[in-house]
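Q: Please take a close look at the charged side chains here, and set them against the fold that carries them. Where do they pair, and what surrounds them?

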Amino acid sequence: MTADSPAGKPPSRGKRADARRNRETVLAAAAEVFVTSGVDAPIRQIAARAGVGMATIYRHFPTRADLITAVYRHQIEACAEAGPNLLASADSPFEALRQWIDLFVDFLVTKHGLADALQSDDDRFAALHDYFLDRLLPVCAELLDAAVEAGDIGPGTQPYELMRGIGNLCIGRDDDPRYDPRRLIALLLQGLRRPHAS
């Protein structure tokens with residue numbers, strides 16, 4: 001018999017739904033706290049932001065590395081899921097690509113600390129980096145293909161090169177308040193556009 005399942009019965013659907021909601025709330029709160037206070041922020045700060053007890057956080061994420069990894073994966077998923085939604089709702093495939101790249105840049109500039117925190121755990125970081133590429137490269141490829149098919153951009157832009165180039169443009173943003181990678185990324189996207197598509 002456990003606290004969650006009296007008399008050995010499995011937890012009810014309501015309890016499972018509550019646990020999922022708590023997990024999502026903790027991930028969102030942790031992502032916000034990591035952006036403002038870094039990945040070494042006290043767990044009590046994350047718990048306060050999420051409106052849950054510290055035990056709830058530790059039940060879902062026994063170690064800080066588990067929490068960091070979960071936040072990173074959660075953000076990757078959000079970015080991956082946004083691609084098809086933007087293609088369906090944007091005015092053009094190029095506009096969907098531009099909006100997705102904005103989300104991708106948000107992800108990159110706010111997640112540098114997460115990646116740095118996991119560097120000491122080479123296996124965990126390598127697996128997370130592979131997951132990042134496995135989830136986001138196909139989304140970027142789909143957006144690029146749609147923009148090519150619509151005549152918005154010319155063929156030949158490789159998803160990995162575009163994502164890597166954007167990632168490189170984001171390096172140094174934290175160290176120099178005068179540097180805004182979004183201006184250069186906007187120029188990069190402008191350069192991809194075919195003249196008649198502007």
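A: A salt bridge is counted here when a side-chain nitrogen of Lys or Arg lies within 4 Å of a carboxyl oxygen of Asp or Glu. The model is predicted, so that local features need pLDDT of at least 70 and side-chain atom pairs count only at pLDDT 80 or more, while totals for chains, interfaces and linings use all residues. Residues are numbered from 1 along each chain as its sequence is written, and side-chain values use heavy atoms, with hydrogens and water left out.

The secondary structure comes to 8 helices and 0 strands, both being DSSP runs numbered from the N terminus (helices H or I, at least four residues; strands E, at least two). A search of the whole structure finds 7 salt bridges.

One of these joins D106 and R182, with 2.2 Å from N to O; the pair links distant parts of the chain, since D106 belongs to helix α5 and R182 to helix α8, 76 residues apart. D106 is partly exposed at 35% relative accessibility, as is R182 at 32%, where buried means under 20% relative accessible area, exposed over 50% and partly exposed in between (1.4 Å probe, protein chains only).

Also in helix α5, R98 and E95 are 3 residues apart, which places them about one helical turn from each other, and their closest N and O atoms are 2.5 Å apart in a salt bridge. R98 is partly exposed, at 30%, and E95, R98 and D102 are linked in a network of salt bridges.

A further salt bridge joins D176 and R178, whose closest N and O atoms are 3.3 Å apart; D176 is partly exposed at 24%, whereas R178 is exposed at 76%.

D152, in the loop between α6 (122-149) and α7 (159-170), is buried yet has no salt bridge, the nearest side chain of opposite charge being R193 at 4.5 Å; for this purpose Lys and Arg count as positive and Asp and Glu as negative, with His and the chain ends not counted. The side chain of D152 does reach the backbone nitrogen of F94, at 3.1 Å.

As for the surroundings, the largest nonpolar core (buried Ala, Val, Leu, Ile, Met, Phe, Trp, Tyr and Cys residues joined through side-chain atoms within 4.5 Å) has 35 residues, and W100, I101 and F104 are among those with the most contacts inside it. Helices α4 (64-89), α5 (93-118), α6, α7 and α8 (181-192) each supply at least two residues of this core.

Terms used:
A polar contact is a pair of N or O atoms within 3.5 Å; within protein, one must be able to donate a hydrogen and the other to accept it, and residues adjacent in sequence count only if both atoms are side-chain atoms.
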